[in-house]
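Visitor: I should like to discuss the structure shown below. Please guide me through it in questions and answers.

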Amino acid sequence: MARLRRALLAWYRRERRDLPWRRTDDPYRIWLSETMLQQTRVDTVIPYYERFLERFPSVDALACADEQDVLKEWAGLGYYARARNLKRAAEQIVRDHGSRVPSEASALEGLPGVGRYTSGAVRSIAFGEHAPIVDGNVKRVLARLTAEAELGDAENWDLAEALVPPSRPRGRPDQFNQALMELGATVCTPRSPRCTDCPVRSLCRAAERGTPEAFPRPARRASPREVEALGAIVSRRGRLLLTRRPSKGMLGGLWEVPCVGGDSLSGLVAEIERRTGLRTRDPRPVGSVRHAFTHRALTLRVVSLQPEPGRLRRASRDAARFCSSAEVADLPLSVLMRKTLALAGR
DNA sequence: AATACGGGGAG
DNA sequence: CTCCCAGTATT
């Protein structure tokens with residue numbers, strides 16, 4: 001175990017990538033990076049991380065922000081509950097922890113969107129505490145080191161706990177945890193691991209057997225279900241009708257052209273009237289958009305509709321409005337909706 | 001224990 | 001195309 005720590009730390013000191021969140025010790029920035037990195041690759045995160053911090057440089061700035069503005073910075077990154085939780089957590093930190101990101105596991109895990117992984121990452125990386133972390137990379141590295149096809153959650157966490165060094169300044173749990181993940185991300189990859197470059201190859205049971213890729217046993221997942229939806233381009237004097245999705249559920253809080261599941265035009269027209277009070281007519285086909293979600297494959301058929309004269313219901317302004325192109329650019333939109341607007345020539 | 005929740009990059 | 005990523009919340 002001491003050999004593993006030493007070899008991994010030496011390798012990490014040499015080979016680690018220069019990433020923005022490795023140039024700071026600000027717990028807020030570490031926390032933000034860990035949240036953005038949940039189920040999201042490093043290269044995808046970097047530009048979002050930089051822009052987000054420019055806009056919301058501190059816990060206080062985030063706590064004071066408008067949720068729509070936070071979602072706007074998050075738009076395109078996915079898993080939007082992360083952004084809504086981050087904003088709520090910032091408010092909680094201001095209220096309950098004097099605007100300082102807490103370092104106790106119980107306080108961290110009491111924040112929305114912070115689970116065992118993020119808690120451990122913030123505690124070890126930002127505060128130098130002896131806290132284990134288990135993410136997808138760590139699971140894979142541990143499965144290979146032990147040549148166990150299937151380690152349970154408890155076993156993974158126990159192993160990670162046993163490996164992580166004591167807290168700073170005696171040990172470097174921050175460097176060690178990042179090294180474990182870095183190894184999984186750059187060397188001990190899911191397919192075609194580069195064992196010849198691995199600093200702990202001599203300690204790896206899977207490499208010894210010559211079949212590192214067999215660990216862990218690949219999980220079989222259901223293929224995405226095909227779903228259909230119908231959306232409407234409704235414009236008036238160059239302004240486009242957009243509606244806001246409910247804050248719970250998929251793409252929560254983001255804006256979209258009015259949509260219904262299924263393929264019913266009358267259903268779409270009824271939905272628009274229900275949401276906005278607006279009657280529409282004269283449907284014309286615009287085209288269709290394909291978009292793949294993790295467990296759905298969506299085909300969105302798009303039609304244009306002409307609005308009859310009349311105002312939007314005033315009460316619905318937060319949930320539906322006619323937007324100029326400048327206003328559209330200022331709203332949080334999913335990638336699906338960007339594709340849809342591109343199709344409609346917006 | 002299973003499932004929902006985005007998007008994108010690698011092979 | 002398939003796989004899966006610095007996971008969390010909900011059921």
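**Contacts with the DNA and between the domains**

Visitor: How many residues surround DNA strand B, and which are the closest?

Guide: This is a predicted model. In it, DNA strand B is surrounded by 17 residues. The closest of these are Y80, L251, T294, H295 and R296.

Visitor: How do the residues of the surface near DNA strand B divide by class?

Guide: Tyr counts as nonpolar and Gly as polar in this classification. On that basis the surface near DNA strand B has seven nonpolar, eight polar and two charged residues.

Visitor: Which side chain has a polar atom 2.8 Å from a base nitrogen of DNA strand B?

Guide: Of the strand's atoms within 4 Å of the protein, 52% belong to sugar or phosphate and the rest to bases. On the sugar or linking side, an oxygen lies 3.4 Å from a polar backbone atom of G76. Among the bases, an oxygen lies 2.9 Å from a polar side-chain atom of Y79. The base nitrogen at 2.8 Å is paired with a polar side-chain atom of T40.

Visitor: Which helix gives the most to the side of domain 1 that touches domain 2?

Guide: Chain A is divided into domain 1 (2-214) and domain 2 (225-343), and about 830 Å² is buried between them. On the side of domain 1, Q68, K72 and Y80 lose the most area, together 54% of what that side buries. With three residues, the helix that gives the most is α5 (residues 67-74).

Visitor: How many residue pairs are in polar contact between domain 1 and domain 2?

Guide: Eight residues of domain 1 are in contact with 16 residues of domain 2. The count of salt bridges between the two domains is zero. For residue pairs in polar contact, both at pLDDT 80 or more, the count is five.

Terms used: Residues are numbered from 1 along each chain as its sequence is written. Chains are lettered from A and ligands numbered from 1 in the order in which they are written. This is a predicted model: local features need pLDDT of at least 70, side-chain atom pairs count only at pLDDT 80 or more; totals for chains, interfaces and linings use all residues. Side-chain values use heavy atoms; hydrogens and water are left out. A residue is near a molecule or strand if one of its heavy atoms lies within 4 Å of it. A polar contact is a pair of N or O atoms within 3.5 Å; within protein, one must be able to donate a hydrogen and the other to accept it, and residues adjacent in sequence count only if both atoms are side-chain atoms. Domain bounds come from an automatic or database domain assignment. Contact means heavy atoms within 4.5 Å. Buried area is the accessible area (1.4 Å probe) that two parts lose on being put together, summed over both. A salt bridge is a side-chain nitrogen of Lys or Arg within 4 Å of a carboxyl oxygen of Asp or Glu. Helices (H or I, at least four residues) and strands (E, at least two) are DSSP runs, numbered from the N terminus.
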